[in-house]
Protein chains: 2
Amino acid sequence: MSVEIKISLNEGIYLKDPQDSPLGRNIIKYSILLIDEVGFEAFNFKKLAQEMGSTEASVYRYFENKHSLLIYLVSWYWEWVAYLIKINTVNIDDPKKKLKIIINSFVSASVDNPTTEYIDENKLHSVVIAEGTKAYRTKEVDEENGKGFFKNYKKLITMVAGIILEINPTFEYPYSLASNLFEMSNDHIYFAKHLPKLTDIKVEENKYAEVEKMLNYFSAKILGYEI
Amino acid sequence: MSVEIKISLNEGIYLKDPQDSPLGRNIIKYSILLIDEVGFEAFNFKKLAQEMGSTEASVYRYFENKHSLLIYLVSWYWEWVAYLIKINTVNIDDPKKKLKIIINSFVSASVDNPTTEYIDENKLHSVVIAEGTKAYRTKEVDEENGKGFFKNYKKLITMVAGIILEINPTFEYPYSLASNLFEMSNDHIYFAKHLPKLTDIKVEENKYAEVEKMLNYFSAKILGYEI
DNA sequence: TTTTAAATAATAGCAATACTATCATATAAG
DNA sequence: CTTATATGATAGTATTGCTATTATTTAAAA
C-alpha cells in the first residue's frame, strides 16, 4: 500500500500541469536528473528532450522556459518538506521537539514511504542545495512573487516561524530564524562539499549529522533553551 | 589627499589585469552598473561594450566570459570588506567591538574615503547581494576553487572566524558563524526588499540598521555574551 | 625621430541557445 | 465514427557566446 502525495502548486508556474500526464511526469523526473548532472546553466530543453526521448517543442508546452521549471522543482521541494514536517510532528506537543524535526527535515529531507514515484527526492534535494537560490535571485523576482510563485516557500517559513514563537513567544525574529535555518542548512551542506574553508562541518557520504547538530545548537542558543 | 587601495586578486580570474588600463577599469565600472540594472542573466559582453563605447572582442581580452567577470567583482568586494574591517578595527582590542564592526561592514559596506574612483561600492554591494552566490554555485566550483578563485572569500571568513574565537575560544563553529553572518546579511537585505515574508526585517531607503541589530543579537546569543 | 610593438576598434562569421510555427500522426473522448 | 487533444517531427529565426582577421591608434624602444 502506498499513499500518493498530492502537491498543490501555483498554476501560473506551468503552462500545463506536468503531474497530469506521463510526458509531464517525465519532464519532472528527467529534469531533476539532468540538472543534478550538468548544472542549471548547462541544462536546456533540447538536452532534456533528448534524454527523455521526446522533443524540445513538447517540453515547451509544459513550461515557458527552464527558469519556470526550476521554480516548479523548488516549489515542489518546499511543499514536500512542509508535508514531511507535518506528518512527523502530528503527535508531538513540545515545540522544541517540533523544531528538532524541522531541522532534521531541512537537512536530510528524505523519507522511505510515502513517496512520489517519478521524483527522486534525494536528487531533488541536491538540486535545491546547488541551484535553489537561483529560483528567486533574478530581476523578475517582484513580478513573479506578485503572481504567487514563491507561495510555497513563504508557507513553509510561516509554519516554522509559528513553531519558533511557540518556543519563545517574545522572540523578535521568528521569520528570519526560520528562513536562515533553511538557507543555512543548504549553504553548509554545499560548503562542506565544495568550499570547506567556509564551514566547520564535515560531511561524509551524504550524512549530514553535523549540520543538524549545528543548527540545533544555534537554535537553542538563539531562543534561549538547553538542547 | 586620497589613499589608493591596491586590491590584490588571483591572476587566474582575468586574462589581463583590468586595473592596469583605462579600458579595463571601464569594464569594471560599467559591468557593475549594467549587472545592477539588468541582472546577471540578461547581462552580456555585447551590451557592456555598447554601454562603454567599446567592442565585444575588446572585453574578451580581459575576461574569458561573464562568469569570470562576476568572480572578479565579488572577489574585489570580499577583499574590500576585509580591508574596511582592518582599518576600522586597528585600534580596537575588545573582540566583541571588533565583531560589531565586522557586522556593520557586512551590512552597510560603504565608506566615504578612501575609495576607488572607478568603483561605486554601493552599487557593487547591490550586485553582491543579488548575484553574489552565483559566483560559486556552479558545476565548475571545485575546479575554480582549486585555482584559488575564492581565496578572497576564504581569507575574509578566516579573519572573522579568528575574531569569533577571541570572543569565545571554545566555540565549535567559528567558520560557520562567520560565513553565516556574511550570507545572512545579504539574504535578509534581499528578502526585505523582494520577499518580505521571509524575514522580520524592514528596510527603508537603503538603511540596513535592522539587519545590523539582528546580526548583533544573533551573534551575542550564539557566543554567549550580552550586547 | 623613426621603427616597432602592443592595445584597441571594426567587422565578420560560426556554433549553440532559446525559442516559435507548422504540419503530421497518434490517442482519447463524445 | 468523428472530433478534439496531445505529442512528434521538422524547420526556421533571433540572440548569445564566442573566435578570427584586419585595420588603426597609442606607446615604447632604438
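Which residues line the largest cavity? Point 5 takes this up.

1. Basis of the note. This is a predicted model, in which local features need pLDDT of at least 70 and side-chain atom pairs count only at pLDDT 80 or more, while totals for chains, interfaces and linings use all residues. Residues are numbered from 1 along each chain as its sequence is written, chains are lettered from A and ligands numbered from 1 in the order in which they are written, and side-chain values use heavy atoms, with hydrogens and water left out.

2. DNA strand D. There are 15 residues around this strand, and A:S54, A:R61, A:Y62, B:E56 and B:Y60 come nearest; a residue is near a strand if one of its heavy atoms lies within 4 Å of it. Of the atoms of DNA strand D that come within 4 Å of the protein, 62% belong to sugar and phosphate. Helix 3 of chain B (residues 56–60) gives the most to this surface, with 3 residues. Helices here are DSSP runs (H or I, at least four residues), numbered from the N terminus. By class, the surface near DNA strand D has 4 nonpolar, 6 polar and 5 charged residues. In this scheme Ala, Val, Leu, Ile, Met, Phe, Trp, Tyr, Cys and Pro are nonpolar, Asp, Glu, Lys and Arg are charged, and the others, Gly among them, are polar.

3. Polar contacts to DNA strand D. A polar contact is a pair of N or O atoms within 3.5 Å. The side chain of A:S54 has a polar atom 2.5 Å from a phosphate oxygen of DNA strand D. An N or O atom in the side chain of A:K16 is 3.3 Å from a phosphate oxygen of that strand. For B:E56, the partner is a base nitrogen of DNA strand D, 3.1 Å from a side-chain N or O atom.

4. DNA strand C. Of the 15 residues around this strand, A:N44, A:E56, A:Y60, B:S54 and B:Y62 come nearest. Sugar and phosphate make up 63% of the atoms of DNA strand C that come within 4 Å of the protein. The largest share of the surface, 3 residues, comes from helix 3 (residues 56–60) of chain A. The surface near DNA strand C divides into 4 nonpolar, 6 polar and 5 charged residues. A polar side-chain atom of B:Y62 is 2.8 Å from a phosphate oxygen of DNA strand C, and an N or O atom in the side chain of B:S58 is 3.2 Å from a phosphate oxygen. A:Y60 has a polar side-chain atom 3.1 Å from a sugar or linking oxygen of DNA strand C.

5. Cavities. A search of the whole structure finds 4 cavities of 30 Å³ or more. On a 1 Å grid over the protein atoms alone, a cavity is a set of points where a 1.4 Å probe fits but cannot get out, and lining residues have an atom within 4 Å of a point. A volume is the space filled by probe spheres set on the points, which are joined across faces, edges and corners. The largest cavity has a volume of about 70 Å³. Its lining consists of A:V74, A:W78, A:V128, A:I129, A:G132, A:T133, A:Y136, A:F182, A:E183, A:N186, A:D187 and B:R137. Helix 9 of chain A supplies the largest share, 4 residues. Helix 4, helix 6 (121–131) and helix 9 (174–194) of chain A each give at least two residues. The lining has 6 nonpolar, 3 polar and 3 charged residues.

6. Largest pocket. The volume is about 590 Å³. Among the 23 lining residues, A:F40, A:E41, B:F40, B:E41 and B:K66 are the closest to the centre of the largest pocket. Helix 4 (66–89) of chain A and helix 4 (66–89) of chain B are the elements that give two or more residues to the lining. A pocket is an open set of grid points with protein on both sides within 12 Å along at least five of seven lines. The lining of the largest pocket has 6 nonpolar, 7 polar and 10 charged residues.

7. B:M214. This residue is in helix 10 (residues 209–223) of chain B. B:M214 counts as buried because its relative accessibility is 0%, where buried means under 20% relative accessible area, with a 1.4 Å probe and protein chains only. Leaving aside neighbours within four places in sequence, B:M214 is in contact (heavy atoms within 4.5 Å) with A:Y173, A:S176, B:M184, B:H188 and B:I201.

Notes. Polar contact = N/O pair within 3.5 Å; in protein donor to acceptor, adjacent residues only side chain to side chain. Buried < 20%, exposed > 50% of the residue type's maximum accessible area, 1.4 Å probe, protein only.
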